[in-house]
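Q: Please take a close look at a single part of this structure, and then set that part in its surroundings.

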Amino acid sequence: MTEEDSQQSFRGPIPIIVCCKTEQIGAGMIQSLKPEYDVVHFILNAENASREISSILRGEAPSTPNSHLGSRRYGMGEALRPRAIVSGGAHEDGIIERIGEELQRLLLHTQASPPTAPIRTKVPFLKANQTATMPPLGPEYGKKIVQRVKACLQKLEEEGKFDGTHGGVYLY
C-alpha cells in the first residue's frame with residue numbers, strides 16, 4: 001500500500017496535537033474540534049513541546065506529559081500518526097519556529113540509529129494569525145479560534161499536506 005493509498009483509506013477523526021497555555025481553553029478547544037479531529041495529546045508547556053512531540057511521532061507516549069488532556073491514542077499505525085500541530089494564540093512569536101527546529105534535531109538524532117518504524121519528520125504547524133481581528137476573550141473568542149483552526153486544517157488536508165512530507169508554519 002502506498003502512502004497515498006494509506007492516506008485515502010484513512011477514515012475517522014484526524015489525529016492532531018494541540019499546544020495551549022491553559023487547560024480550560026484547551027479542553028473547550030478539544031471538544032469543539034470533534035468529531036472531525038482527535039486531539040491525541042495536549043501540551044501546556046512549550047518548553048517541553050519538542051520532546052513530547054518527538055515521542056508521539058515515534059509512536060510512544062511522552063515520558064513526562066505536562067497535561068492529561070487528549071485521547072492519548074499513541075502508536076505507529078497510519079491511523080494514529082498526528083497530521084498537524086496546533087498552537088494557541090497566546091504563544092509568543094518565535095516559539096513555533098524554535099519547537100520546529102528542536103523537533104527536527106531530536107527526530108534526526110533518533111533516525112541515526114535504526115528505527116523500529118519510519119518516523120514522520122515533517123508535520124505542519126498551525127499558529128494564530130495575530131493580525132486577524134478577534135473578539136474579546138470569552139465564549140465567542142473560543143468559537144472563532146476553532147472555526148479558523150478547522151478551516152486551516154481542512155485546507156491542509158485538501159492540499160495533501162498531511163502525508164508526513166510537508167512541514168512549515170501555517171497561520172489560522
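A: **Salt bridges and their setting**

Aspartate 38 and arginine 73 form a salt bridge in which the closest N and O atoms are 3.0 Å apart; the term stands for a side-chain nitrogen of Lys or Arg within 4 Å of a carboxyl oxygen of Asp or Glu. Aspartate 38 belongs to strand S2, whereas arginine 73 lies in the loop between helix H3 (49-57) and S3, so the pair ties together parts that are 35 residues apart in sequence. Helices (H or I, at least four residues) and strands (E, at least two) are DSSP runs, numbered from the N terminus.

The model is a predicted one, in which local features need pLDDT of at least 70 and side-chain atom pairs count only at pLDDT 80 or more, while totals for chains, interfaces and linings use all residues. Residues are numbered from 1 along each chain as its sequence is written, and side-chain values use heavy atoms, with hydrogens and water left out.

The two partners differ in their cover. Aspartate 38 counts as buried, at 10% relative accessibility, and arginine 73 is partly exposed, with a relative accessible area of 40%. Buried means under 20% relative accessible area, exposed over 50%, and partly exposed in between (1.4 Å probe, protein chains only).

In total there are four salt bridges. Another of them joins the side chains of lysine 150 and glutamate 36, at 3.1 Å from N to O. Lysine 150 is part of helix H5 and glutamate 36 of the loop between H2 and S2, so this pair ties together parts that are 114 residues apart in sequence. Lysine 150 is partly exposed, with a relative accessible area of 22%, and glutamate 36 is also partly exposed, with a value of 38%. Lysine 155 and glutamate 159 meet through their side chains in a further salt bridge, at 3.8 Å from N to O. Glutamate 159 is partly exposed, with a relative accessible area of 40%. Lys155, Glu159 and Lys161 are joined into one network by salt bridges that share partners. Side chains of opposite charge can pair when their charged atoms come close.

Strand S2, which holds aspartate 38, is part of an open sheet. Five strands form this sheet in the order S2-S1-S3-S4-S5, with parallel pairing; two strands pair if DSSP finds at least two bridges between them. S2 and strand S5 (169-171) stand at the edges with a single partner strand each, so one side of each is left without a neighbour in the sheet. Neighbouring strands are turned by 30° against each other on average, direction ignored. S5 pairs with strand S4 (residues 125-127) in the parallel sense over three bridges, and phenylalanine 125 stands opposite valine 169 in S5.

Two helices pack on this sheet. H2 touches S1, S2 and S3, and its direction makes about 165° with that of S2. H5 touches S1, S2, S3, S4 and S5, and its direction makes about 150° with that of S4. Contact means heavy atoms within 4.5 Å. The axes are lines fitted to C-alpha atoms, for helices over the stretch in contact, and the angles run from 0 to 180 degrees between N-to-C directions.

The largest nonpolar core has 23 residues, of which Ile16, Val18, Leu33, Val86 and Leu153 touch the most other members. Strand S1 (14-19), helix H2 (23-33), strand S2 (37-43), strand S3 (84-87) and helix H5 (139-158) each supply at least two residues of this core. H5 gives the most, with six residues. A nonpolar core is a set of buried Ala, Val, Leu, Ile, Met, Phe, Trp, Tyr and Cys residues joined through side-chain atoms within 4.5 Å. Leaving aside its neighbours within four places in sequence, leucine 33 is in contact with Ile16, Val18, Val39, Val146, Val149 and Lys150. Lysine 150 thus returns here, as the partner of glutamate 36 in a salt bridge. Another core lies apart, with 16 residues, among them Ile17, Cys19, Ala49 and Ile95.

Helix H3 is mostly covered, with eight of its nine residues buried. The loop between H3 and S3, where arginine 73 lies, is also the place of glycine 77. Glycine 77 is 18 residues from glycine 59 in sequence and 7.9 Å from it in space, C-alpha to C-alpha.
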